Structure formats: C-alpha cells, structure tokens
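Welcome! Please open the structure in your viewer and keep the selection tool handy, and we will walk through it one stop at a time.

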Amino acid sequence: MRRIGMLTSGGDCQALNAAMRGVVKTLLHNSKEPIEIYGFLDGYKGLIYGNFQMLTGKDFSGILTKGGTILGTSRTPFKTIREPDANGVDKVEAMTQTYYKLKLDCLVVLGGNGSHKTANLLREEGLNIVTLPKTIDNDLWGTDMTFGFQTAVDIATTVIDQIHTTAASHGRVFIVEVMGHRVGWLTLNAGMASGADIILLPEIPYDIKKVIKKIEERDAGGSKFTIIAVAEGAISKETAKLSKKDQKKKAEKSKYPSVSYELADEIFQRTGREVRVTVPGHTQRGGSPCPYDRVFASRLGAEAGKLILEGEYGFMVGYKNREIVKVPLEEVAGKLKYVDPDATIIKEAKLLGISFGD
Ligand code: F6P
C-alpha cells in the first residue's frame, strides 16, 4: 500500500485540478501496489489540523478542465510558520504528526513561492515531499514556466484587446492593471500579446516623463489613444530609490488604491488627457485552464507521479529549456524569478516601439 497526501496551497490558479489528476492517474495506472490518496483541505491548514478526505480515482475524473482546486486552498504565511497558532499549536510539529499518524509515504504540494518554503521546511523535517509549480505570476525559481500562467496571459490579453476598441473610439489613455505580485511576467506577455503601447513592470522602474513622451509621440503620429499595461507591482524611478521599508510606508499612506490610479492622476495632471483605469483582478485567476495549461499541468503531474513511483523525493517538477526537469527543493525555496530588464524579449519589445517608461 502507498499512501499519498496531497494539498494545494496559496492563491489558486487554473490547472491545479489538471495537475492533481495527472499525478493520481499516473499512480493508479502504473503502481504495482494499491494507492490511497489523502486530500488535505484548504492548503497546509488541512495538514496542520488533520482535515482531509480520502479520495479515489473517481474524484479526479472530469476535472481536467475545471478551474480552482477541488481541495480548496488558503495562505499559510511562511514567516509565521514557526509561531504557535491562537491555541498554542506548533504548526510544523502538527504537520509532521499528521503525516506520520496517517503513515504517508509522500506529500504532494502544489504551490507557489511561499508554499515552496514550507514544503522545503517539511523536507528538512524528514518528510518525503514532491511539489508542482503553480501560480499565474510565473515567479517561481527553478522553472521557466508555472501552470496557470498561460491561462492568465490569455485572460489579461483578452481584457486589453477589448479595451483597444473603446480606447480608440474615445481617443483616451487606458491603463490596464495586470496581476503578478512583485514580478512582471504576466504584464509583459499580455502587454505584448495585445499590442500595448507602454508596458510598466516592477523590474523596470518608470519615469513619468517618459510615459508622457510616448503618449505625446502617439498623438503627434495620429494615434489618439494609448494603451498602458501596468503590473500591479510597477514602481516609479523615485519610489525605487526609497528603501523597501519607506516604499511600504509610502504605499500605506497613498490616497490611491493602486499604482494605476496614481499613474492615471499624474497623466491627467500633466496632459489634461482623459484617462481610464481597468483592473481585471481575480478574473485572471478564474475559470477553465487554457489547452496549453491543461497539457503542461498534466505532464508535470505525470512526472511527479513517476518520481513517487520511483521513490524519488525532495524535488519540484519544473520545466527548463523545453524539458520537464526535477529541481531540488532547497534550490527553489525562497527565491523569486524576475524579468531580466536586459532580456532579449525586452529588447525585442523595444524594437517594436513599446515603451517601458525607462
Ligand atoms: O500570486 C497570485 C496572485 O494572484 C498575485 O498576482 C496577486 O498579487 C495575489 O495573488 C492576490 O492575492 P489574494 O488572492 O490573496 O488577494
């Protein structure tokens, strides 16, 4: 008998179910011994408090196309993982106890950056862990791509596409704020895919004068509208000069709900132009995974199942240079993958005339 625990942790994304289905199908089709699946509910919380459901192959049938996660998810911040909960429960000890009490052979964690820190901690505590890289942000170290990302790119692209026609009719400046936390992968890809004129990323602090110059150039060239794709984590050159602590203070004191509204106000004050802001927000994480993500998550899930069958633990199944690879968890945990401002894709975008406000 092989006993496999499984949980989804952190913000959800598309293809979580497809990935879990991939793991379970691989195990059920290829294991010589019977498999028991323990699905922990709502992320690490389920493991801490022993909240789980026994699942069978049937539970994973018909979920390839289903968004969200059948196990539920939640955020369990790594920075407080060593602090006891309100009832004095030692969370790390509780998780290892649940694992040993259920006699699990392995725990499969589907998570992003924070979840990988906890997964690595559990590995250090002696648990057999295999992880899968999920997040629309694509910011996980050790993999060129995370599942959920391509679907979110599709959604954000569709939003900007829709904005194009109304922006053109009214001759307005439109700002579309794209998710991505502190990195710009989603904005860069959706911005390029939708023909945005200006793309502002956290990795390339913007100069408002350069942003306005681009709008004015477009005006002068007869294009009376401008589309700006702004990452939710984008920052100005002035803000970038501040310490991280002062940046946080500035954001807390700001009268604007987000960087897009501050930018919109600045553009209006300096040019008198009509500016509108669209924030697609969590729609970018919702709905059915795109075909790419279905295939990608299924492949990652199959490889994770294979690792489990071979008893190889302590790895994230990732994707490097078009190959599925296993990456040691200690290499992944605690590192973010940023957009390199000198990357060829940025240079190519600039050749296309896209401004990054730098
Ligand atoms: O990490 C995924 C993500 O959607 C980020 O892009 C975004 O900043 C964050 O989660 C939003 O978190 P929440 O769902 O907790 O509001």
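Which pocket is the space taken by the ligand? Select the ligand and look around: its space is the second largest pocket. Keep in mind as you go that this model is predicted.

Next, show the residues around the ligand: Arg75, Ile136, Asp137, Met179, Gly180, His181, Glu232, His282 and Arg285. If you colour this shell by character, you will find two nonpolar, three polar and four charged residues.

Now zoom in on the oxygen atoms of the ligand. Start with aspartate 137, where a polar side-chain atom lies 2.7 Å from a ligand oxygen. Move on to arginine 285, which places a polar side-chain atom 2.8 Å from an oxygen atom of the ligand. Then pick glycine 180; here a polar backbone atom is 3.0 Å from a ligand oxygen. Switch on a surface to see how the protein covers 71% of the 400 Å² of accessible area that the ligand has on its own.

Time to zoom out. Colour residues 2–148 + 289–332 as domain 1 and residues 151–285 as domain 2, following the domain assignment of the chain. The centres of domain 1 and domain 2, taken over C-alpha atoms, are 34 Å apart. Where the two domains are in contact, 13 residues come from domain 1 and 12 residues from domain 2.

For the last stop, bring the ligand back into view. Why does the ligand lie between domain 1 and domain 2? Because both domains give residues to the shell around the ligand.

Conventions:
Residues are numbered from 1 along each chain as its sequence is written. This is a predicted model: local features need pLDDT of at least 70, side-chain atom pairs count only at pLDDT 80 or more; totals for chains, interfaces and linings use all residues. Side-chain values use heavy atoms; hydrogens and water are left out. A residue is near a molecule or strand if one of its heavy atoms lies within 4 Å of it. A polar contact is a pair of N or O atoms within 3.5 Å; within protein, one must be able to donate a hydrogen and the other to accept it, and residues adjacent in sequence count only if both atoms are side-chain atoms. Accessible areas come from the Shrake-Rupley method with a 1.4 Å probe; for residues, only the protein chains shown count as cover. On a 1 Å grid over the protein atoms alone, a cavity is a set of points where a 1.4 Å probe fits but cannot get out, and a pocket is an open set with protein on both sides within 12 Å along at least five of seven lines; lining residues have an atom within 4 Å of a point. A molecule sits in a cavity or pocket if more than half of its atoms lie within 2 Å of its grid points. Ala, Val, Leu, Ile, Met, Phe, Trp, Tyr, Cys and Pro count as nonpolar, Asp, Glu, Lys and Arg as charged, and the others, Gly among them, as polar. Domain bounds come from an automatic or database domain assignment. Contact means heavy atoms within 4.5 Å.
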